[in-house]
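Reader: I should be grateful for a close look at one part of this model, followed by an account of the parts around it. Please keep to what can be read from the structure itself.

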Amino acid sequence: MKSSAKKLFSLTLVLVMLFALSASALTVNAEEKDLGKVLVIVKNETFSTADSAPWEGVLFEKEIDLKSDSTMLSVVEDSFKENNVSYSLNQYSYLSEVNGLSEYACNGSGGWMMTLNDWFTSESSSAYTVSNGRLSDGDVISVQYSCTWGSDIGSLWGDNNTQLKNIKLEGASIAWAEDFTPSKTDYTIVLSPDNESNKIGVIPEAFNKNYQVKTYLNQYTPGQPGTEVKALTKKLSVKDGDVIYIGVGNENWASMNEKTAETVYKLTVTINPVKGDVNNDGVLKINDATLIQKYLAKSVEFNKKQIFYADVNGDGTVNISDVTAIQKKIANAG
């Protein structure tokens, strides 16, 4: 009887221990999942198959779960394994081959390089980890092939240009059909007519990716780590009057290049512009309709801003129907 009781007690103890271990494992897994994801992009856009490259273009884009011991390199290795892509590391833990495309395959200056959030890091990939806070949810790691030590993919060692090459907007556009110009730093942006969520994508690209680019909402705080928006993967929820700041090459941010004057871009959000207000006095009046009529009669000229406001019905052209729309709005308001 005592023997049976001991066996029952032992079995109960084992079950309790197994349950505890399982619960512990579940807790660890839950903690790992809470760390978020990093997007990994692997591409070769510099060495063509016509010139004997085994492949070209984007090999894959994959979101990888972060772990407490993740590093920039380990995340890339995880992405290769999940996509069944072969790869090799050299003695310095740098990528020497990906899916059959080896360093020096195009010439003596060929090789694989990595960016973190579109920036060529100033330290090795092992320096960017979850544990030290330099790798986190929403980051983007791009693994790219270069034939010219990086200059063909934006890593310019002898250049101190901190301007943006372009700003890609999703769900919004620069107001009054204005084009982006790198030397101009102040813009107004308007939401697309079908954007009901008030969420927009703002994806900046630097001329020289040796300088970091960071995006902020309403306050430009480059000296406060962690206050920037992960603009490459996360959309911004905006309201009328919000200001988006994009800084390039701030002196407090690491870079392989010499410190130089930063460039800061300012994008002011307009949710509901007063369409028809071509004289820009903030109020819709019959004077605006008259001014459009003069424009149609070619007695006055409009700039891009006025053309944007004159297209009241949003059909892409300025015509007499826009004049009628203004007259109806004024009549209904009265």
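In which loop is the place of Asp179?

Author: The model is a predicted one, and the description below should be read in that light. Asp179 is placed in the loop that runs between strand S9 (172–174) and strand S10 (186–191). Its relative accessible area is 52%, and Asp179 is therefore classed as exposed, the cut-off being over 50%. Once the neighbours within four places in sequence are set aside, the residues in contact with Asp179 are Ile174, Tyr187 and Lys304. A further distance concerns Asn166: Asp179 and Asn166 are separated by 13 residues in sequence, and their C-alpha atoms lie 10.0 Å apart in space.

A second loop residue may be set beside this one. Thr221 is found in the loop between strand S12 (213–217) and strand S13 (236–237). Thr221 has a relative accessible area of 14% and is buried, whereas Asp179 is exposed. Apart from neighbours within four places in sequence, Thr221 is in contact with Tyr216 and Thr227. With Thr227 there is also a polar contact, side chain to side chain, at 2.8 Å.

The disulfide also involves loops. The model contains 1 disulfide, formed by Cys106 and Cys147, whose sulfur atoms are 2.4 Å apart. The link of Cys106 and Cys147 is left-handed, with -135 degrees about the S-S bond. Cys106 belongs to the loop between strand S5 (101–102) and strand S6 (111–116), and Cys147 to the loop between strand S7 (140–146) and strand S8 (164–170), so the pair ties together parts that are 41 residues apart in sequence. In general terms, a disulfide is a covalent bond between the sulfur atoms of two cysteines. The two partners are not alike in exposure: Cys106 is partly exposed, at a relative accessible area of 22%, while Cys147 counts as buried at 10%.

Strand S7, which comes before the loop of Cys147, is mostly covered, with 7 of its 7 residues buried. Both of its faces are covered: on one side are the buried residues Val140, Ser142, Gln144 and Ser146, and on the other the buried residues Ile141, Val143 and Tyr145. S7 is joined to strand S1 (residues 37–44) by 5 bridges, and these two strands run parallel. Within S7, Gln144 has Lys43 opposite. S7 is also joined to S6, by 6 bridges, in an antiparallel arrangement. Here Val143 of S7 has Met114 opposite.

S1, S6 and S7 also appear in the surroundings of helix H2 (residues 72–82). Of the 11 residues of H2, 8 are buried, so this helix is largely enclosed by the rest of the structure. Those buried residues are Met72, Leu73, Val75, Val76, Glu77, Asp78, Ser79 and Phe80. Their cover includes S1, S6 and S7, together with strand S2 (57–65), strand S3 (87–89) and strand S4 (95–98). Just after H2, Asn84 adopts a positive phi of about 55 degrees.

S3 and S4, which help to cover H2, belong with S5 to an open sheet of 3 strands, ordered S3-S4-S5 and paired in the antiparallel sense. S3 and S5 are its edge strands, each pairing on one side only. The pairing of S4 and S5 rests on 2 bridges, and Glu97 has Ser102 of S5 as its bridge partner.

Helix H5 (residues 320–333) remains to be described. H5 has 14 residues and spans 20 Å from its first C-alpha to its last, close to the 20 Å expected at 1.5 Å a residue. Its buried residues include Asp322, Val323 and Ile326. Viewed down the axis of H5, the buried residues fall within an arc of 105 degrees, so they line one face of the helix. As a general matter, an α-helix has 3.6 residues a turn, so residues three or four places apart point the same way. The face of H5 turned away from the buried side carries Ile320, Lys328, Ala331 and Asn332, which are exposed. The buried residues of H5 pack against helix H3 (286–296) and helix H4 (304–310).

Note on methods. Residues are numbered from 1 along each chain as its sequence is written. This is a predicted model: local features need pLDDT of at least 70, side-chain atom pairs count only at pLDDT 80 or more; totals for chains, interfaces and linings use all residues. Side-chain values use heavy atoms; hydrogens and water are left out. A disulfide is a pair of cysteine sulfur atoms within 2.5 Å. Helices (H or I, at least four residues) and strands (E, at least two) are DSSP runs, numbered from the N terminus. Buried means under 20% relative accessible area, exposed over 50%, partly exposed in between (1.4 Å probe, protein chains only). Two strands pair if DSSP finds at least two bridges between them. The expected span of a helix is 1.5 Å times one less than its number of residues. The arc is that of the directions from the helix axis to the C-beta atoms. Contact means heavy atoms within 4.5 Å. A polar contact is a pair of N or O atoms within 3.5 Å; within protein, one must be able to donate a hydrogen and the other to accept it, and residues adjacent in sequence count only if both atoms are side-chain atoms.
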